[in-house]
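Good morning, colleagues. Please have the sequence and the model open while I speak, and we shall go through a few selected places together.

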Amino acid sequence: MPTRPPHRLRSILGGSAGNLVEWYDWYAYSAFTLYFAHAFFPAEDRTAQLLSAAAVFAVGFLMRPIGGWLMGIYADRKGRKAGLTLSVSLMCTGSLAIALTPTYAAIGPLAPLILVVARMVQGLSLGGEYGASATYLSEMAGRKHRGFWSSFQYVTLIAGQLIALALLLVIRSVLDKDDMFAWGWRIPFVIGAMLAVIVFWIRRRLAETESFENAKAADAPPSTALALFRDHPREAFTVMALTAGGTLAFYAYSIYLQKFLANTAGFDPATASAIMAGALFLFMCVQPLAGALSDRIGRKPLMVGFGILGLVFTWPIFTTLETVRDPWAAFGIVCAALLIVTGYTSINAVVKAELFPAHIRALGVAFPYALANTMFGGTAEAVALWLKNQGWERGFYVYVAALIGLSLIVYLRMPETRDHSRIVED
């Protein structure tokens, strides 16, 4: 039975809220690393502690393709609602484990081991969340507004990051330094676990999508990685290729750019953080506008626009930021960079969902994306810093522009998914 509009709106908002909590939990780790690294690693050099904590963050990132594979299959076989519920349950488990684990001084090597396992669980969760939520939002939205509603995946992604940073500022203003290092760092993980419990309850009450119900009734073949690359190789590799340039640009223009403003442009860390927080807020707000535009003119013009502008302006953006000293000028340039990448972020979820039939859609969206995201998005900062250390920082600008250019070729050659969508339900 088709989902009625009021139920559809409630389901979309419920799915989006869960995505926000998932990303809040994920970013809380990096936001509070400075304050908890000593609790899990031996009291050696402070830098060594931070590097160890960063390595654990990387391990979580490497688990995302596995999460995309396993939970994509789960969401295709058991339902989108089941996949969403499982993903938020895993994130809750990981956050609670971090919040409650005793320090290294209390239980020795068991403390970092628990931290690693907790981040692995969270990595599995986030890898599965992308496919399940992208598929759910795209299937639940009506045909006329599919781009608009699916754009809320990146709205909630950015919101989760901003909330984690805002909570850090609030806690730092309330607690003194000793309390922050002693126990204050546990607060965001407790809050994350509590929010995940609330979202678990919300997601249990969500409606299942008509697409999944129809595929189940039609006795469609089971979703497997072998079936994905055997029966839908072009679509799977298209997802990887269109993701490569987009995810690299997103991490370069958002996550890495904050460090770039401090390390290369010369802004103090507080100013760099303020510039990025303001730009990310505007970036978050513009996602639905771009998604709605794609419902009117198609997905392809936005992706092609991102590809052309990213290819042409990545070098000028970074080289200009090297020498800019006015915070407002830097803010404007960062906003321009994020506006360019909006052509990818606002619609990437719905484009991927529209490429696959329902019985293998969650896996098709999640697994190839997670592979490309880990290879190109997850390594963006490391590549940038390595090239800077080698004395060729501008090599990173070339790398970003080149990969955007390669994705542009895919955007130009792929069909207009709005008009040829494999989501057949209205």
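**A loop, two helix pairs and the cysteines**

Asp 219 sits in the loop that links helix H11 (210-217) to helix H12 (225-231). Please keep in mind throughout that this is a predicted model. Asp 219 is not a glycine, and yet its phi is positive, at about 55°. Is this residue, Asp 219, buried or exposed? Its relative accessibility is 68%, so Asp 219 counts as exposed.

Moving on from the loop, we come to Leu 226, which belongs to helix H12. Leu 226 has a relative accessible area of 59% and is therefore exposed. From Leu 226 to Asn 373 the separation is 147 residues in sequence, and in space it is 20 Å, C-alpha to C-alpha.

Asn 373 appears again in the surroundings of Thr 247. Thr 247 is part of helix H13 (residues 233-263). With 1% relative accessibility, Thr 247 counts as buried. Which residues does Thr 247 contact, leaving aside its neighbours within four places in sequence? They are Tyr 344, Ala 372, Asn 373, Phe 376 and Gly 377.

A second buried residue is Asn 19, whose relative accessible area is 2%. Asn 19 lies in helix H1 (residues 5-40). When neighbours within four places in sequence are set aside, Asn 19 is in contact with Glu 129, Ser 133, Gln 153, Thr 156, Leu 157 and Arg 203.

Let me turn to the packing of helices. Helix H3 (residues 64-78) packs against helix H6 (residues 110-140) with the axes 7 Å apart and an angle of about 50° between them. An angle of that kind falls in the oblique class, so H3 and H6 are described as oblique to each other. The crossing of H3 past H6 is right-handed. On the H3 side, the residues that meet H6 are Arg 64, Ile 66, Gly 67, Gly 68, Met 71 and Ala 75. Their partners in H6 are Gly 123, Leu 124, Ser 125, Leu 126, Gly 127, Gly 128 and Ala 132. Sorted by class, this contact of H3 with H6 comprises 6 nonpolar, 6 polar and 1 charged residues.

The other pair is helix H8 (residues 152-174) with helix H14 (residues 269-297), whose axes come within 8 Å and cross at roughly 160°. How should we describe the direction of H8 relative to H14? H8 is roughly antiparallel to H14, because angles over 145 degrees are placed in that class. H8 passes H14 in a left-handed crossing. H8 contributes Phe 152, Tyr 154, Val 155, Ile 158, Ala 159, Gln 161 and Leu 162 to the contact. H14 contributes Ala 277, Leu 280, Phe 281, Phe 283, Met 284, Gln 287 and Pro 288. By class, the contact of H8 with H14 has 12 nonpolar and 2 polar residues, and no charged ones.

Finally, the cysteines. How many disulfides does a search of the whole structure find? The result is 0. For Cys 285, the closest cysteine sulfur is that of Cys 335, at 11 Å, which is too far for a bond, because a disulfide needs the two sulfur atoms within 2.5 Å. Cys 335 is likewise in no disulfide, with the sulfur of Cys 285 as its nearest cysteine sulfur. As for accessibility, Cys 285 counts as partly exposed, at 39%.

Thank you for your attention.

Key
Residues numbered from 1 in each chain as written. Predicted model: local features only at pLDDT ≥ 70, side-chain atom pairs only at ≥ 80, totals over all residues. Heavy atoms only, no water. Axes fitted to C-alpha atoms, helices over the stretch in contact; angles between N-to-C directions. Helix = DSSP H or I, 4+ residues; strand = E, 2+ residues; numbered from the N terminus. Parallel < 35°, antiparallel > 145°, perpendicular 65-115°, else oblique. Left-handed = near helix turned anticlockwise from the far one by under 90°. Contact = heavy atoms within 4.5 Å. Nonpolar A, V, L, I, M, F, W, Y, C, P; charged D, E, K, R; others polar. Buried < 20%, exposed > 50% of the residue type's maximum accessible area, 1.4 Å probe, protein only.
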